[in-house]
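Biologist: Got the model open. Can we go through the salt bridges, then a few odd spots?
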Amino acid sequence: MDRTPGGLGSGHMSSLFGSGGQWRRAGWPALILAAVAAGELAEPVLPAAHLLAPLLIGLVLAVAGLIVHRVPAGLNSACQAGLGVLMGSYLNPASLHQAAGSVFPLVLVTGATILLSLGAAAVLTRMGHIDRASATLGMVAGGSAAVVSTARDLDADSRVVAFLQYLRVVMVAATAPILVNWLLNPHAVMGALPDTDGELGPVVANAHQGAGLALLAAVAVVGVLAGRAVRLPSPALLGPMLLTAALTASGALGGFAPTGSLRTVLFTIVGLDIGLRFTRSSLARVGRLLPLAAGCTVVISVACGVLAWLLATIERIPFADAYLATTPGGINAVLATAVATHADVPLISSVQSLRLFAMVLMAPLVIRLSGLALLRYHRSRH
């Protein structure tokens, strides 16, 4: 989607940041490092800080006209592949095995959440006057970083998708610890939320970092090539995600999922990429969507609370565990809350990861099917 720079003129831009070639060589590493540092500083006060802080930085720089460049395509594709590996690794076989007796309720809850998301997307399309692809991706409850990074591949407005996704992440992440600790489970001992993004230790989940990084690179490359060969939508993300899920589930390979500072960098690049695409007009547009988007998010959250009550009743588990398992999105914040409140982490991880995997995998298919249905509807009327 084309955009025109606002604010400073191109001559001043050159004097401020140098030529385009100089910016590409030196500017991106410096900007990414600054955005990582901003995310670290924002972690105590901002949910999903390593996504939202870089997004806000990119937005300010773009709207002010201080940067007219976008994240290079090659770096963006590499970031998508890394995120694909990360999303695939969330499908933890050990957690799924522990929750095997609850397969039907888990599938039922996942399916109901998907239907809720599609219903909210239909409302946004009709009342918010945005395209169906952007509304669908924006309301997908899970995998916000992955969904936002693939928006352009699916002909959606990545800025609208990011706004809708991160609005929900902020609302869920900000309220989940309070609800669990004060309302749903008042006797829980709430410890400090662990820092899941900014740790400075290993960069892959492997005792041997060199081998883990080599496996990560190999799975990412093979996954992208396989995704292109079978013509997957958004092959840079879905190819590595499916390959990682298959390897993880089979137990054939493991220990190559991004973690620590590498995961932080991946999230930072996604945030910057979206933020740098904003203009004054697009910012005003998403601002007008705020009341409707917030209302849809609240409705989905309340409906997921009802699903939590059903799951707790059927499986005879604490309501707090069921709420954390079904709350719509923000998987890292939800799992951190589960650990801090000593909740049933395997159950919560199973439901959240199953829904995340299904949402990210099904979103492109749902968009294509809804597009075909809309096309047939218009043809039938003429």
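Biologist: What does R285 form a salt bridge with?
Modeller: R285 pairs with D157, and their closest N and O atoms are 3.2 Å apart. A salt bridge here is a side-chain nitrogen of Lys or Arg within 4 Å of a carboxyl oxygen of Asp or Glu.
Biologist: Where do R285 and D157 lie?
Modeller: R285 is in helix α13, and D157 is in the loop between α8 (144-149) and α9 (158-184), so the pair ties together parts 128 residues apart in sequence. Helices (H or I, at least four residues) and strands (E, at least two) are DSSP runs, numbered from the N terminus.
Biologist: Is this a predicted model, and what are the cut-offs?
Modeller: It is predicted: local features need pLDDT of at least 70, side-chain atom pairs count only at pLDDT 80 or more, and totals for chains, interfaces and linings use all residues. Residues are numbered from 1 along each chain as its sequence is written, and side-chain values use heavy atoms, with hydrogens and water left out.
Biologist: Back to the pair. Is D157 buried or exposed?
Modeller: D157 is buried, at 6% relative accessible area. R285 is partly exposed, at 28%. Buried means under 20% relative accessible area, exposed over 50%, partly exposed in between (1.4 Å probe, protein chains only).
Biologist: Which residue meets D157 in a salt bridge of 3.1 Å?
Modeller: That is R159, at 3.1 Å, N to O. R159 is buried, as is D157.
Biologist: How many salt bridges does the whole structure have?
Modeller: The search finds 3. One of them joins D273 and R277, with the closest N and O atoms 3.6 Å apart. Both of those residues are buried. Shared partners link D157, R159 and R285 into one network.
Biologist: Now α13. How many residues has it?
Modeller: Helix α13 has 36, residues 280-315. From first C-alpha to last it reaches 49 Å, close to the 52 Å expected at 1.5 Å a residue. The expected span is 1.5 Å times one less than the number of residues.
Biologist: Where is the kink in α13?
Modeller: At L290, about 45 degrees, shortly before the proline P291. The bend is the angle between axes fitted to the seven residues ending there and the seven starting there.
Biologist: What is the phi of R316, just after α13?
Modeller: R316 has a positive phi of about 55 degrees. Most residues other than glycine have a negative phi. H129 also has a positive phi, near 55 degrees.
Biologist: Where is H129 found?
Modeller: H129 sits in the loop between α6 (103-127) and α7 (132-139). It counts as exposed, at 66% relative accessibility.
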